[in-house]
Amino acid sequence: MSPGATNGEAEVGSDGPRQKGKATPDTLKIGCIALVTKDGQPRRAEILSIKETKSGRQFYCNFDNFNKRLDEWVPVSRIDFEQDVEWPNPEKDKQKDAKGKKTTVSKKSQPSKKTQKRVGKREQSVASEGQTPHPFTDSAESQSKPDGEDKANASLEVGATPGVGPDEMELDEDETPASAAKKENAPTFSREQEIEKLRTSGSMTQNPAEISRIRNISKVEFGRYVLFPWYFSPYPEAFSQEDCIYICEFCLSYFGNLKSFTRHRTKCTLQHPPGNEIYRDDFVSFYEIDGRRQRTWCRNLCLLSKMFLDHKTLYYDVDPFLFYVMTTRDEKGSHIIGYFSKEKESADGYNVACILTLPQYQRKGYGRLLIQFSYELSKIEGKLGSPEKPLSDLGLLSYRQYWSENIIDLLLGYAESGEKCTIETIATRLAMTTQDVEHTLQALKMQVYHKGEHKIVIPEKLLQQREKSRAKQKRVIDPERIQWKPPVFTAASRTWGW
Ligand code: ACO
Ligand code: ZN
């Protein structure tokens with residue numbers, strides 16, 4: 001399935017029967033469903049927003065059965081006013097409004113459920129980075145740099161990435177006299193308060209659901225690439241008025257204008273992600289970054305990735321996560337290709353929370369490398385892992401591909417040696433959950449019941465497909481090169497609830 005294809009997204013206007021009638025460009029309003037041309041075809045689309053532009057009125061449309069990343073602003077000429085439109089349901093809207101208001105109030109007075117869940121978990125678990133080896137000393141040395149820089153930049157640049165709190169980056173495990181003194185003078189902010197502050201005020205205001213349905217950033221300059229975002233991301237509201245925003249590809253600070261970005265670039269010395277380099281081959285590197293130690297950087301990464309990830313809501317509370325960032329190197333530095341985040345302790349056994357290949361690198365096999373890396377870490381941990389649900393359409397396609405290729409390769413090995421292979425064996429060997437193994441076998445019709453026995457078979461067509469994809473596949477992660485021990489959680493961190 002191509003990302004442009006329909007993909008089982010929810011039908012627009014599935015909130016019950018609606019009144020129909022003729023509309024004009026002046027009466028067509030938000031919530032209406034109209035017939036709008038897309039790729040030369042008339043399609044049902046819900047109007048999510050309306051704006052006046054120099055070239056006339058434009059309507060922001062979400063198309064029936066299309067992923068939100070294909071939403072777009074359309075001019076009047078693409079809307080068929082000959083046909084009836086479906087008017088929004090007033091009853092439903094009132095209910096929606098009431099709900100919206102309630103949510104806003106409760107959001108301000110208490111953290112969201114998700115936050116509470118994370119906080120609860122975090123209290124029991126803070127990773128000790130001291131336990132992770134530093135195989136490549138250059139990166140370990142420069143670990144603490146970027147956050148200091150971020151802070152300095154935030155106070156100097158207009159319209160730049162904000163600093164978020166006075167104690168934001170004072171995260172050293174061993175308290176030095178200097179840091180203790182600083183703490184005494186600093187106003188006391190709990191982490192929850194800080195997250196609430198970000199959520200409800202200041203630059204990272206969480207927009208109401210209605211606004212967040214609309215893509216707010218139209219263009220991003222990122223290193224030598226120009227990116228066209230797919231989804232809403234909670235950058236400062238003023239940024240949505242800019243034709244283009246600028247993100248520093250190394251520290252991920254964001255700027256609303258070229259001048260302040262250019263000034264930033266003359267000062268920014270970061271050349272790779274701010275963590276330990278835990279993998280390096282001729283092609284890529286992986287860095288492990290602790291959300292708690294590198295809050296600003298990780299929050300900026302979440303903001304950046306939200307532009308291409310629709311269904312994850314985590315931007316601020318990065319503390320309970322580790323981030324595994326894949327880069328490619330050249331003389332200028334280590335450029336981010338993609339990453340996955342992982343809860344330090346996942347009650348559900350997830351080995352990936354969010355996974356992203358930046359759009360300029362997609363469909364080149366990097367997603368496979370990210371997924372393989374996440375399973376290699378699970379193998380080292382001696383755990384079975386699975387990605388956090390729900391998966392996006394592209395996430396599902398990529399995981400299915402990874403799972404089926406690896407299961408087929410493993411089975412071929414067993415077939416050669418004549419050994420028997422069970423679902424449990426596959427799960428253990430690939431660090432996949434038995435559920436994921438079973439679902440894959442079912443989806444590929446690889447399970448048969450023969451003479452009273454369940455058997456796993458590889459249909460000829462799958463073998464041919466695998467041959468083809470193997471010929472295409474250039475790179476894999478070499479597990480021998482991973483320099484990593486699972487982070488250990490210290491008793492002190494549990495006691496003090498840091
Ligand atoms: N159309 C069809 N098949 C696709 C597509 C696509 N657009 N993208 C990936 N696939 C499938 C293909 O089978 C592909 O293998 P092939 O190219 O040999 O046919 C396979 O997935 C792997 O492709 P990669 O090139 O290795 O994957 P990529 O680098 O593009 O990354 C990813 C995949 C991470 C899902 C990327 O599409 C992405 O970042 N999407 C946006 C964010 C997202 O949706 N993330 C997953 C959310 S779920 C979660 O976070 C747990
Ligand atoms: Zn920078």
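**Strands 12, 13 and 14**

I began with arginine 280 and looked up its bridge partner in strand 13, which is serine 285. The model I am reading is a predicted one. I then followed the pairing outwards and noted that strand 12 and strand 13 run antiparallel and are joined by four bridges. The connection between strand 12 and strand 13 is a hairpin of four residues.

On strand 14 (residues 321-330), I found that it pairs with strand 13 in the antiparallel sense, over six bridges. Within strand 14, valine 325 is the residue that stands opposite tyrosine 287.

I next asked how many residues of strand 13 (residues 285-290) are buried. I recorded six of the six, so strand 13 is largely enclosed by the rest of the structure. I also sorted its side chains by direction: Ser285, Tyr287 and Ile289 point one way, while Phe286, Glu288 and Asp290 point the other way. This follows a general pattern, in which the side chains of a regular strand alternate between the two faces of the sheet.

**Salt bridges**

I counted 21 salt bridges in the structure. One of them starts from strand 13: the side chain of aspartate 290 meets that of lysine 344, at 2.7 Å from N to O. Lysine 344 lies in the loop between strand 15 (333-343) and strand 16 (350-352), so this pair ties together parts that are 54 residues apart in sequence. I noted both aspartate 290 and lysine 344 as buried.

I then turned to aspartate 319, whose salt bridge partner is arginine 295, with the closest N and O atoms 2.7 Å apart. Arginine 295 belongs to helix 9 (295-306) and aspartate 319 to the loop between helix 9 and strand 14, so the pair links parts 24 residues apart in sequence. Aspartate 319 has a relative accessible area of 0% and is buried; arginine 295, at 6%, also counts as buried.

My next entry concerns lysine 420 and glutamate 453, whose side chains meet in a salt bridge at 3.7 Å, N to O. Is lysine 420 buried or exposed? I found it exposed, with a relative accessible area of 69%, whereas glutamate 453 counts as partly exposed at 36%. I also recorded a network of salt bridges with shared partners, which joins Arg368, Glu405, Asp409, Arg466, Glu467 and Arg470.

**The zinc ion and the cysteines**

Which residues coordinate the zinc ion (ligand 2)? I listed Cys248 (SG), Cys251 (SG), His264 (NE2) and Cys268 (SG), at 2.0 to 2.4 Å. Their four donor atoms subtend angles of 98 to 119 degrees, which makes the arrangement tetrahedral. I wrote the sequence spacing of the donor residues as C-x2-C-x12-H-x3-C. Cysteine 251 sits in the loop between strand 10 (245-247) and strand 11 (254-255), and cysteine 268 in the loop between helix 8 and strand 12, so the pair ties together parts 17 residues apart in sequence. I found cysteine 251 buried at 1% relative accessibility and cysteine 268 buried at 10%.

I searched the whole structure for disulfides and found zero. For cysteine 298, the closest cysteine sulfur is that of cysteine 302, 6.9 Å away and therefore too far for a bond. Cysteine 298 counts as buried, at 0% relative accessibility.

**Histidine 272**

Last, I located histidine 272 in the loop between helix 8 (258-267) and strand 12 (276-280). Histidine 272 counts as buried because its relative accessibility is 15%, under the 20% limit. I noted that histidine 272 and glycine 333 are 61 residues apart in sequence but 6.1 Å apart in space, C-alpha to C-alpha.

Note on methods:
Residues are numbered from 1 along each chain as its sequence is written. Chains are lettered from A and ligands numbered from 1 in the order in which they are written. This is a predicted model: local features need pLDDT of at least 70, side-chain atom pairs count only at pLDDT 80 or more; totals for chains, interfaces and linings use all residues. Side-chain values use heavy atoms; hydrogens and water are left out. Helices (H or I, at least four residues) and strands (E, at least two) are DSSP runs, numbered from the N terminus. Buried means under 20% relative accessible area, exposed over 50%, partly exposed in between (1.4 Å probe, protein chains only). Donors are N, O and S atoms within 2.8 Å of the metal (3.2 Å for Na, K and Ca); water is not among the atoms, so sites may look incomplete. Four donors count as tetrahedral if all angles lie between 85 and 135 degrees; four count as square planar and six as octahedral if opposite donors are over 155 degrees apart and all others between 65 and 115; anything else is irregular. Two strands pair if DSSP finds at least two bridges between them. A disulfide is a pair of cysteine sulfur atoms within 2.5 Å. A salt bridge is a side-chain nitrogen of Lys or Arg within 4 Å of a carboxyl oxygen of Asp or Glu.
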